[in-house]
Number of protein chains: 2
Amino acid sequence: MPRRTDSRSKMIHAAAELFRQRGYHATTVSDVVRESGAPRGSTYFHFPGGKAELAREAIARAGDEVEEMTGEAARHADDPASLVRAMAQILTSRLERSGYQSGCAIATMVLELAPRDEAFSAGFDSVFARWRAALVTRFEALGIAPGRAAALADLTISAFEGAAVLSRAARSTDPFTTTTEALISAIGHDTASPPAAPSSPARRAATGRTSRARG
Amino acid sequence: MPRRTDSRSKMIHAAAELFRQRGYHATTVSDVVRESGAPRGSTYFHFPGGKAELAREAIARAGDEVEEMTGEAARHADDPASLVRAMAQILTSRLERSGYQSGCAIATMVLELAPRDEAFSAGFDSVFARWRAALVTRFEALGIAPGRAAALADLTISAFEGAAVLSRAARSTDPFTTTTEALISAIGHDTASPPAAPSSPARRAATGRTSRARG
């Protein structure tokens, strides 16, 4: 008996990669079948909704992915600057390994489809909301004041999304690196001079480590 | 006699708007003809290279556009923060007016096509290089140290590009506004206290990248 869940999972993975690299419109179900190595006949058994259903699955998976990526970066980070640098390293290695084709999992689809396609738009927004929430949690744990953490999370996500666009255009990680260093410098100011608020062990620890993180 | 230059210009304008809103793959020459109101018969007279030629013209126009937009914002700006805020206002009103469909002129095409399509990729990079150079000139004129101006230009462009993605997904200018305010706060630190030695290859940003990336 064919291992149906394997085929299904492989097809979602292949679809996600193609949507990421070239977008929704340039990806056909045939491309997905070919890339995944899944048996052609099973496509509409696994995905009766066709390409749109594959896209919904890929978008949901992108939400898991940004949370995992943030968690992975956080394991090696003991201050906000090193968290941002670790995420940037994960994202730039992916860009380099893919020959500058693999940026954000959903950005290409967002720009092609949002907000005209309402079925997808809520999914797109939910991916960014999950990334924002994961970042806010980590930033706060690393000593950023709650009010600032949300603003810095938005700046970080926007900067990474845009840097991926610039790096694909430049076929180089330089725009990503310059953007990340400027971002870290901005965050450094935040941790170096926190707003007047009750001091906490986390805040003091983060503040004390800032200079090392910049070096 | 038909006014040929008018038809040509209208078609480039319509093509640029469609590529911006939905990307390269979902735009057909018929869409461009319909949107522009140009006579159908003249399409291949004006654009023997078809859709690809329309895209090249739209990309070249995007370079003019970012320079004009930066110049327009600079006319009302007497410090780096107000320059950034004025650019953000231009970009967010365009997003709002278009029902969150009209973000960056080239970002959708970059993510669909770069760097696989070499003919377009150099054009994409050149648009960002022109925006970067225009921003560096204005930042320096407004008192940012030369080494920092290039880094802040990259952060600003990345942040705006990414914020447009987030705002289209959210159908709201909120992510753009939060990102802009965090960016302005970062730039405020720069103007308030000149930084120590640059920690990134900032100087390269405005000059060396384009030729290397094209090579």
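Trainee: What makes the backbone at B:R171, just after α8(B), worth a remark?

Mentor: In this predicted model, B:R171 takes a positive phi of about 50° just after α8(B), and the residue that carries this positive value is one other than glycine. B:R171 has its place in the loop between α8 and α9 (174–192) of chain B.

Trainee: Is B:R171 buried, exposed or partly exposed, and how do you know?

Mentor: A residue needs 20 or more other C-beta atoms within 10 Å to be buried, and 12 or fewer to be exposed. B:R171 has 17 other C-beta atoms within 10 Å, a value in between, and is therefore called partly exposed.

Trainee: And what is A:R171 called by that count, buried or exposed?

Mentor: A:R171 has 22 C-beta neighbours inside 10 Å, which reaches the cut-off of 20, and so A:R171 counts as buried. Its phi is also positive, at about 50°, although A:R171 is not a glycine, and its place is in the loop between α8 and α9 of chain A.

Trainee: Why is α8(B) described in terms of the rest of the structure?

Mentor: The description rests on burial: 23 of the 25 residues of α8(B) are buried, so this helix is largely enclosed by the rest of the structure. α8(B) reaches 36 Å from its first C-alpha to its last, close to the 36 Å expected at 1.5 Å a residue.

Trainee: How do you know what span to expect for helix α4 of chain B?

Mentor: The expected span is 1.5 Å times one less than the number of residues. Helix α4 of chain B, residues 50–75, has 26 residues, and its reach of 38 Å from first C-alpha to last is close to the 38 Å expected. The buried residues of α4(B) include B:L54, B:I59, B:V66 and B:T70.

Trainee: What makes up the largest nonpolar core, and which residues touch the most other members?

Mentor: This core has 136 residues, and A:A15, A:I106, A:V110, B:A15, B:I106 and B:V110 touch the most other members. Its largest share, 15 residues, comes from helix α8 (residues 146–170) of chain B. If its neighbours within four places in sequence are left aside, B:V110 is in contact with A:V165, A:R168, A:A169 and B:F124.

Trainee: How do you know how the two chains are related?

Mentor: Chain A can be laid on chain B by a turn of 180° and a shift of 0.0 Å along the axis, with an RMSD of 0.0 Å. The two copies are thus related as by a two-fold rotation axis. The same surface serves both copies, since 92% of the contact residues of chain A recur in chain B.

Trainee: How many residues are in contact between the chains?

Mentor: There are 48 residues of chain A in contact with 53 residues of chain B. On the side of chain A that touches chain B, α6 (107–113), α7 (118–141), α8 (146–170) and α9 (174–192) each supply at least two residues, and the largest share, 16 residues, comes from α8(A). The residues of this side divide into 24 nonpolar, 13 polar and eleven charged.

Trainee: Why does A:A134 count as buried or exposed?

Mentor: A:A134 has 20 C-beta neighbours inside 10 Å, and a residue with 20 or more is called buried, so A:A134 counts as buried. A:A134 is found in helix α7 of chain A, and apart from its neighbours within four places in sequence it is in contact with A:V66, A:E67 and A:T70.

Trainee: What makes the peptide bond from A:A114 to A:P115 notable?

Mentor: That bond is cis, with omega near -5°, and A:P115 lies in the loop between α6 and α7 of chain A. In chain B, the peptide bond from B:A114 to B:P115 is likewise cis, with omega near -5°.

Trainee: How confident is the predictor, and over which residues of chain A is the pLDDT below 50?

Mentor: Chain A averages a pLDDT of 88, and 86% of the residues score at least 70. Over residues 193–215 of chain A, however, the pLDDT is below 50, although this stretch has 31 contacts in the model beyond near neighbours in sequence. Where pLDDT is low, the predicted coordinates should not be read in detail. For the complex, the predictor gives an ipTM of 0.88 and a pTM of 0.88.

Key: Residues numbered from 1 in each chain as written. Chains lettered and ligands numbered in written order. Predicted model: local features only at pLDDT ≥ 70, side-chain atom pairs only at ≥ 80, totals over all residues. Least-squares fit on C-alpha atoms with pLDDT ≥ 70 in both. Contact = placed C-beta atoms within 7 Å. Helix = DSSP H or I, 4+ residues; strand = E, 2+ residues; numbered from the N terminus. Nonpolar A, V, L, I, M, F, W, Y, C, P; charged D, E, K, R; others polar. Core = buried A, V, L, I, M, F, W, Y, C linked by C-beta atoms within 7 Å. pLDDT = per-residue confidence, 0-100.
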